[in-house]
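The report below walks through one protein model, moving from a single residue to the helices around it and then to the chain as a whole. Please keep the sequence and the structure in view while reading.

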Amino acid sequence: MSLLKKGAAAIKDKKSLVVAYLSTRRSRGELDFEAAVIKATNHDEHDVGKRNARIVFCWIQASPDNLCPFVRALAKRMEKTRSWVVAIKGLMLMHDLVHCKIAAVQKMGRLPFDFSSFSDGHSRLSKTWGFNAFIRQYFAFLDQRGIFLHDEENKTAEDSPLMVQQLLKLGKWQFLLDMLLEIRPRADNMKVPLIFEAMDCVVIEIFDVHNRICSEIANVLSEVHSVDKLEAAMALEILRMATRQEEQLSRYFEFCKEYGVLKANEFITVTGIPKEDVEKLERIVNGDSDKTYKDEMALVVREENKAIVEHRETMETLKTRITDKWEVFHDEEEEEEAGARKESEPSLTPTDHVSVNNPFDVPDFIRFFD
């Protein structure tokens, strides 16, 4: 920013402060808020305005009644501005407000101003188109996030099953993550402190949303055995979307690291969805429920156990019983050969066994048993 533009921006901010304090139609508290908002959203692109933003949030946290004056003051400021610097600072204020732990903030709903067609009016479009696109995308996310939180805070009891409600909620968080991944600097002239500060806010939000999605997916997968076909189809689409978003997240943070966004270096490596979980859901969707799969596996186990028992019984029958008596077993072929030899040999009398060299002429078998 040149000195001339910087001086002109400072004059505009001073003029806005003077006009605010000269007004007689607002209370002192509203004037203080309007002055704080003007200071927090000044025209200086090198001044993020954190100090004045902290003052505003301290007032809101001290008393929730201060929320409405703050929102009115910010909406008035944003509706009038044609400066991309003021617009981004206003969006960052609303982003910080969303994360305040105040119940009234969650019930606000949509943003109190509209930047869906914002265009900077102080410079040529060739220089500001990147900032304009950044503001529109940032606004779209914050506006949609406000609607989502409002619906969650004010929803009534639903008739649909709890699992279906969880899956629908998970789908909304994934939709918000898609919107977040569209917020990025797209022009070469956007490497300014204010853009880096806004990108840090976006990266932190991505951390939060991605962690919520991972937590919800873990809850869904823990109940995958009890879901019906419709719920399985919804969960399967959620997992497929999560797989696509993991790839997009990796590319987004690589871009942020190369661009110089500091918070991007703190991002943990994205882990993939287990393939086994996807296959389980596909089996259910295709009519192959996990219960059927379990029954089939149980049948296989029973058949294997039966085969083992039969094998053991067969082995028991084949074992030789050991007793105190010897038993001689002959093979059928050996018995046939022995019978044939017996028939071929001539019958002998005791005298036929008398040895020639035996001087006593005593049969050998008699001498053996003598």
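Arg 145 lies in helix α7 of this predicted model. With a relative accessibility of 4%, Arg 145 counts as buried, because buried means under 20% relative accessible area. Neighbours within four places in sequence aside, Arg 145 is in contact with Val 98, His 99, Trp 173, Leu 176, Glu 205 and Asp 208. Several of these partners belong to helices described below.

**Helix α8**

Two of the contacts of Arg 145, Trp 173 and Leu 176, are listed among the buried residues of α8. The full set of buried residues in α8 is Met 163, Val 164, Gln 166, Leu 167, Leu 170, Trp 173, Gln 174, Leu 176, Leu 177, Met 179 and Leu 180. These buried residues pack against α7, α9 and α10. Helix α8 covers residues 162–180, and the distance between its end C-alpha atoms, 27 Å, agrees with the span that its 19 residues should have at 1.5 Å a residue.

**Helix α5**

Helix α5 runs over residues 84–98 and has 15 residues. From its first C-alpha to its last it reaches 21 Å, close to the 21 Å expected at 1.5 Å a residue. At the start of α5, a side-chain oxygen of Ser 83 comes to within 3.3 Å of the backbone nitrogen of Val 85. How many of the 15 residues of α5 are buried? The count is 14, so α5 is largely enclosed by the rest of the structure.

Part of the surroundings of α5 is helix α9, residues 193–222, which packs with α5 at an angle of about 25° with the axes 11 Å apart. That angle makes α5 roughly parallel to α9, and the crossing of the two is left-handed. On the α5 side, the residues that meet α9 are Trp 84, Val 85, Ile 88, Lys 89, Met 92 and His 95. On the α9 side, they are Leu 194, Ile 195, Glu 197, Ala 198, Cys 201 and Glu 205. Glu 205 thus appears in this group and also among the contacts of Arg 145.

Helix α3, residues 50–62, is another partner of α5, and their axes come within 11 Å and cross at roughly 35°. This crossing is right-handed. Ala 53, Phe 57 and Ile 60 in α3 meet Leu 93, Asp 96 and Leu 97 in α5.

**Helices α9 and α10**

Helix α9 also packs with α10, the two axes coming within 12 Å and crossing at roughly 155°. The two helices are therefore roughly antiparallel to each other, and α9 passes α10 in a left-handed crossing. From α9, the contact involves Phe 196, Met 199, Val 202, Val 203, Ile 206, His 210, Ile 213, Ile 217, Val 220 and Leu 221. From α10, residues in the contact include Ala 235, Ile 238, Leu 239, Ala 242, Gln 245, Leu 249 and Tyr 252. Phe 253, Cys 256 and Tyr 259 of α10 also take part in the contact.

Helix α10 covers residues 229–259 and has 31 residues, which should span 45 Å at 1.5 Å a residue; its end C-alpha atoms are 45 Å apart, in agreement. After α10 comes Gly 260, with a positive phi near 110°.

The helix pairs are set out together here.

| Helix pair | Axis distance | Angle |
|---|---|---|
| α5 and α9 | 11 Å | about 25° |
| α3 and α5 | within 11 Å | roughly 35° |
| α9 and α10 | within 12 Å | roughly 155° |

**Two partly exposed residues**

Lys 50 lies in helix α3. Its relative accessible area is 46%, which makes Lys 50 partly exposed. Lys 39 is 11 residues from Lys 50 along the chain, and their C-alpha atoms are separated by 9.8 Å.

Gly 121 is in the loop between α6 (103–106) and α7 (125–154). Gly 121 counts as partly exposed, at 43% relative accessibility. Gly 121 and Arg 82 are 39 residues apart in sequence, with 5.1 Å between their C-alpha atoms.

**The chain as a whole**

What does the secondary structure of the protein chain come to? It comes to 14 helices and 0 strands. Of the 370 residues in the protein chain, 38% are buried. Among contacts in the chain with a separation of 6 or more, 76% are between residues 24 or more positions apart.

Definitions and conventions: Residues numbered from 1 in each chain as written. Predicted model: local features only at pLDDT ≥ 70, side-chain atom pairs only at ≥ 80, totals over all residues. Heavy atoms only, no water. Helix = DSSP H or I, 4+ residues; strand = E, 2+ residues; numbered from the N terminus. Expected span 1.5 Å × (residues − 1). Buried < 20%, exposed > 50% of the residue type's maximum accessible area, 1.4 Å probe, protein only. Polar contact = N/O pair within 3.5 Å; in protein donor to acceptor, adjacent residues only side chain to side chain. Axes fitted to C-alpha atoms, helices over the stretch in contact; angles between N-to-C directions. Parallel < 35°, antiparallel > 145°, perpendicular 65-115°, else oblique. Left-handed = near helix turned anticlockwise from the far one by under 90°. Contact = heavy atoms within 4.5 Å.
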